[in-house]
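Here is a short briefing on how helices pack in one protein. Look at the sequence and the model first, then read the points below.

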Amino acid sequence: MLDLRGKRVVMTGATGFIGRNVARRFLEGGAEVFCLVRPDSQNCAALENAAGDCSAARQKNLHIIAGTMEDAEVVCAAQVGSADLFLHFAWRGVNRGEIDSPAVQQINIEDSLRCVRAAIDLGCQVFMDAGSRVEYGIMPDGRMEETMECRPVNAYGKAKLAFFHEAEPLLHKAGITYYHLRYFSVYGRGDHPWSIISTLTRDLPMGKTVSLSACRHRWNFMDIEDASRAVAELYRYSDGHAGECHIVNVASEDTRVLRDFVEEIDALCGHKGALEFGTFVQAKEGALSIRPVTERLKILTDGTWRERVSFADGIRRMLEEREST
């Protein structure tokens, strides 16, 4: 386990699916974690439950601070003072109603830049934020590599990319190492109930029928344990990349036709339900393949990065947890 005793970490978005698992990862390593959480957040219990998986001594290192991205500079200065790492995982307007709203996404950019300034004021050596695969836009063959020119198609993807371009020179000038993490499809305990993985692992064991797209496009799934560990491992090796700026794909090496993943889940569920391919209405952009390149994650961890959770093992764990609840 990564020894993070003495490290001070500030987080936004710690109540979200990926965020709370990253928070737990750093708490397990012994870091002191300060989570900026909206006063009206309904998800604090999920964050506290994630921390509850740690030892009692580690749980004491979790500090929930009431505040928003908008007042990040003031709140962090007053209640944290100094920190080593800033993890920015908060972002509004990820639902279908606001994902294409330029106004909402512009607010995200402005508030995220406040988090950058907070990190500078706190004296952080490293800043990481959660980007997205949608920044790439539509690639004819699905290949997505960090050096490619991006052509995002919705306001959300455009805003994530715009924030990166505005944050990079500020962090570079301050000498802060910057990792812009482009997440692909992450699944596991605590995943959104409407995701394809959650739907299949919930409904198939109950003998239900699941409506699906044709599932002929290529896809990529990464277990939350590996997705959160990737953040910790990048931080472990960040001293060797001091002051550098990198976009990093956080994805699995297991890319296949989506139908293959679906049928594997069906088999692990004992073929109790039914799969109806081609009956689900696609989003407006249609079925798009993704084929992430993950070499940079290995390079930035000195070639040590390896996934530990296979797709089958990750699904088995979800099924076992559902059975136990």
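**Helix packing at a glance**

Helix 1 passes helix 8 in a right-handed crossing (the near helix is turned clockwise from the far one by less than a right angle; anticlockwise would be left-handed). This is a predicted model: local features need pLDDT of at least 70, side-chain atom pairs count only at pLDDT 80 or more, and totals for chains, interfaces and linings use all residues. Residues are numbered from 1 along each chain as its sequence is written, and side-chain values use heavy atoms, leaving out hydrogens and water.

**Helix 1 and helix 8**
- Helix 1 covers residues 17–28 and helix 8 covers residues 224–236.
- Their axes (lines fitted to C-alpha atoms over the stretch in contact) come within 9 Å and cross at roughly 55°, on a scale from 0 to 180 degrees between N-to-C directions.
- The two helices are therefore oblique to each other. Angles under 35 degrees count as roughly parallel, over 145 as roughly antiparallel, 65 to 115 as roughly perpendicular and the rest as oblique.
- Residues in contact (heavy atoms within 4.5 Å) include Phe17, Ile18 and Asn21 in helix 1, and Ile224, Glu225 and Ser228 in helix 8.
- By class, the contact of helix 1 with helix 8 has eight nonpolar, two polar and four charged residues. Ala, Val, Leu, Ile, Met, Phe, Trp, Tyr, Cys and Pro count as nonpolar, Asp, Glu, Lys and Arg as charged, and the others, Gly among them, as polar.

**Helix 5 and helix 6**
- Helix 5 (residues 102–122) and helix 6 (residues 155–173) pack at about 25°, with axes 9 Å apart.
- Helix 5 and helix 6 are therefore roughly parallel.
- Their contact includes Ile109 and Leu113 of helix 5, and Ala159 and Phe163 of helix 6.
- The residues of this contact divide into 13 nonpolar, two polar and one charged.

**Helix 7 and helix 11**
- The axes of helix 7 (residues 196–203) and helix 11 (residues 311–324) come within 10 Å and cross at roughly 55°.
- The crossing of helix 7 and helix 11 is right-handed.
- Ile197, Ser198, Thr201 and Arg202 in helix 7 meet residues of helix 11, among them Phe311 and Met318.

**The whole protein**
- The protein has 11 helices (H or I, at least four residues) and 14 strands (E, at least two), which are DSSP runs numbered from the N terminus.
- Buried residues (under 20% relative accessible area, 1.4 Å probe, protein chains only) make up 53% of the 325 residues.

Methods
Buried < 20%, exposed > 50% of the residue type's maximum accessible area, 1.4 Å probe, protein only.
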